[in-house]
Amino acid sequence: MANRNLDAEELKQAHLLLDDIRRRLEILAGDDIHLLFAYRRKIYKELIYLERGKPMARRKIKIQRYDLQHGKCAHCNADMAIQYSELDRKNAADGYTLENTELVHAKCHQARQAAKGYA
Ligand SMILES: [Zn+2]
């Protein structure tokens, strides 16, 4: 399934929200650029977690997927080292769940994303 995109009005709202967040971060940090950096990094990390889940949860799913697939890539069916594998979501909005992911070689993941027009 293709990822949903924002229409023109939704994109405008997203930019307004981003402007608001930027202003609030600047107010919080005052003229301390190091504090501004720390606040931005914290918000960035938490937003990534909302989109991708926390690293330990993804790691657990990766190990379960590896076992389910008997160490084979779901794309090319060749043997795969877990440290060079990546979880590929079937539908990105459904997140990293056991049902919504397949484990593939990093290079196979890139090939899949290129085929979908993401890379
Ligand atoms: Zn592969």
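Domain bounds, as used here, come from an automatic or database domain assignment. For this protein chain, that assignment gives domain 1 (8-52) and domain 2 (55-116). Keep in mind that you're looking at a predicted model. Let's start with the whole chain and then zoom in on a few residues.

**The big picture**

- Count up the secondary structure and you get four helices and two strands in the protein chain.
- Going along the sequence, those elements come in the order α-α-α-β-β-α.
- How far apart are the centres of domain 1 and domain 2? Taken over C-alpha atoms, they are separated by 30 Å.
- The C-alpha atoms fit in a box of roughly 55 × 35 × 20 Å, taken along the principal axes.
- The radius of gyration of the protein chain is 18 Å, while a compact globule of 119 residues would come out near 14 Å.
- Just 12% of the 119 residues count as buried.
- Now take the contacts between residues at least 6 apart in sequence: 45% of them join residues at least 24 apart.

**The loop between α1 and α2**

- D31 sits in the loop between α1 (8-29) and α2 (33-52).
- Is D31 buried or exposed? D31 is exposed, because it has 7 C-beta neighbours inside 10 Å and the cut-off for "exposed" is 12 or fewer.
- D31 and R59 make a nice pair to find in the viewer: they are 28 residues apart in sequence, and their C-alpha atoms are 39 Å apart in space.

**Helix α3 and what comes after**

- α3 has 14 residues, and from its first C-alpha to its last it reaches 20 Å, close to the 20 Å expected at 1.5 Å a residue.
- After α3 comes H70, which has a positive phi, near 55 degrees.
- H70 belongs to the loop between α3 (55-68) and β1 (85-89).
- Why care about the sign of that angle? Most residues other than glycine have a negative phi.
- H70 is not a glycine, yet its phi is positive, at about 55 degrees.
- H70 is also exposed, because it has 8 other C-beta atoms within 10 Å.

**More residues in the loop between α3 and β1**

- N77 is also placed in the loop between α3 and β1.
- N77 is another non-glycine residue with a positive phi, near 65 degrees.
- With 10 other C-beta atoms within 10 Å, N77 counts as exposed.
- K72 lies in the loop between α3 and β1 as well.
- K72 is partly exposed, because it has 15 other C-beta atoms within 10 Å, and that count falls between the cut-offs of 12 or fewer for exposed and 20 or more for buried.
- Which residues does K72 touch, leaving aside those within four places in sequence? K72 is in contact with N77, A78, D79 and M80.
- K72 and I82 are ten residues apart in sequence, with 9.5 Å between their C-alpha atoms.

**The nonpolar core**

- The largest nonpolar core has nine residues in all: I61, C73, A74, M80, L87, Y96, L103, V104 and C108.
- M80, one of these core residues, touches G71, K72, C73, S85 and H105, not counting residues up to four places away in sequence.
- So K72 turns up among the contacts of M80, just as M80 turns up among those of K72, by the rule that two residues are in contact if their C-beta atoms lie within 7 Å.

Notes:
Residues numbered from 1 in each chain as written. Predicted model: local features only at pLDDT ≥ 70, side-chain atom pairs only at ≥ 80, totals over all residues. Expected span 1.5 Å × (residues − 1). Core = buried A, V, L, I, M, F, W, Y, C linked by C-beta atoms within 7 Å. Rg over C-alpha atoms; globule rule 2.2 N^0.38 Å.
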